[in-house]
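Trainee: Have you got a moment to go through this one with me? I'd like to start with the core and then move on to the charged side chains.

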Amino acid sequence: MRNYCNGVMIGILSLSFLFGCSNSEEAKENTRAITLEEFNGVTKGMELEEAIELIGGEGKIMGESGKKGTPSYQIDMVWDGETGNSFGQISFQNNKMMTKMEKGLR
């Protein structure tokens, strides 16, 4: 019983630490809405860091494949749009924009 209580207590403390250390500014930046103008500004061959700077914040990682640092590494990022069910999805391979699609951006 004592081991069980210790495990529960450690779990609660771990969750408290995780939630207590979240940076609200970072959370706002990562959920920034993408506009159609920003989406259109991301062009083939643009580096991921350039796209993030242009859009004004990081999107959500929807998928990764390959090994980081290799030419086959691919990452798929999604930014929510300003209205419900709108988004911009951009894929980067070897840190360069390869494909993109959007739905309902303004």
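Mentor: What follows is a talk through a predicted model, taking the nonpolar core and then the charged contacts.

Trainee: Okay, how many residues does the largest nonpolar core have, and which have the most contacts inside it?

Mentor: The largest nonpolar core has 15 residues, and the ones with the most contacts inside it are Val42, Ile90 and Phe92. At least two residues of this core come from each of helix H4 (48-55), strand E2 (74-80) and strand E3 (87-93).

Trainee: And Phe92, what is it in contact with, if we leave aside its neighbours within four places in sequence?

Mentor: With those neighbours left aside, Phe92 is in contact with Met46, Glu47, Leu48, Ala51, Tyr73, Gln74, Ile75, Met77, Met97 and Met98.

Trainee: How many aromatic pairs does the structure hold?

Mentor: There are zero aromatic pairs in the structure. A ring does take part in another kind of arrangement, though, since Lys100 lies over the face of Phe39, at 4.5 Å from the ring centre.

Trainee: Switching to charges, how many salt bridges are there?

Mentor: The structure holds three salt bridges. One of them joins the side chains of Lys96 and Glu47, at 3.1 Å from N to O, and this pair links distant parts of the chain, with Lys96 in strand E4 (residues 96-103) and Glu47 in the loop between helix H3 (36-41) and H4, 49 residues apart.

Trainee: Glu47 again, from the Phe92 list. Is Glu47 buried or partly exposed?

Mentor: Glu47 is partly exposed, with a relative accessible area of 31%, and Lys96 also counts as partly exposed, at 33% relative accessibility.

Trainee: What about Lys60 and Asp80, where do they sit?

Mentor: Their side chains meet in a salt bridge at 2.8 Å, N to O, and that pair too links distant parts of the chain, with Lys60 in strand E1 (residues 60-65) and Asp80 in strand E2, 20 residues apart. Lys60 counts as partly exposed at 39% relative accessibility, as does Asp80 at 34%.

Trainee: That leaves Glu38 and Arg32; what is the N to O distance there?

Mentor: The salt bridge between the side chains of Glu38 and Arg32 has an N to O distance of 2.8 Å.

Trainee: And why does Glu38 count as buried?

Mentor: Glu38 counts as buried because its relative accessibility is 13%, and the cut-off for buried is under 20%. Its partner Arg32, at 30% relative accessibility, counts as partly exposed.

Definitions and conventions
Residues are numbered from 1 along each chain as its sequence is written. This is a predicted model: local features need pLDDT of at least 70, side-chain atom pairs count only at pLDDT 80 or more; totals for chains, interfaces and linings use all residues. Side-chain values use heavy atoms; hydrogens and water are left out. A nonpolar core is a set of buried Ala, Val, Leu, Ile, Met, Phe, Trp, Tyr and Cys residues joined through side-chain atoms within 4.5 Å. Buried means under 20% relative accessible area, exposed over 50%, partly exposed in between (1.4 Å probe, protein chains only). Helices (H or I, at least four residues) and strands (E, at least two) are DSSP runs, numbered from the N terminus. Contact means heavy atoms within 4.5 Å. Rings of Phe, Tyr and Trp (its six-membered ring) pair if their centres lie within 6.5 Å; planes under 30 degrees apart count as stacked, over 60 as edge-to-face and the rest as tilted. A charge sits over a ring if NZ of Lys or CZ of Arg is within 6 Å of the ring centre and within 35 degrees of the ring normal. A salt bridge is a side-chain nitrogen of Lys or Arg within 4 Å of a carboxyl oxygen of Asp or Glu.
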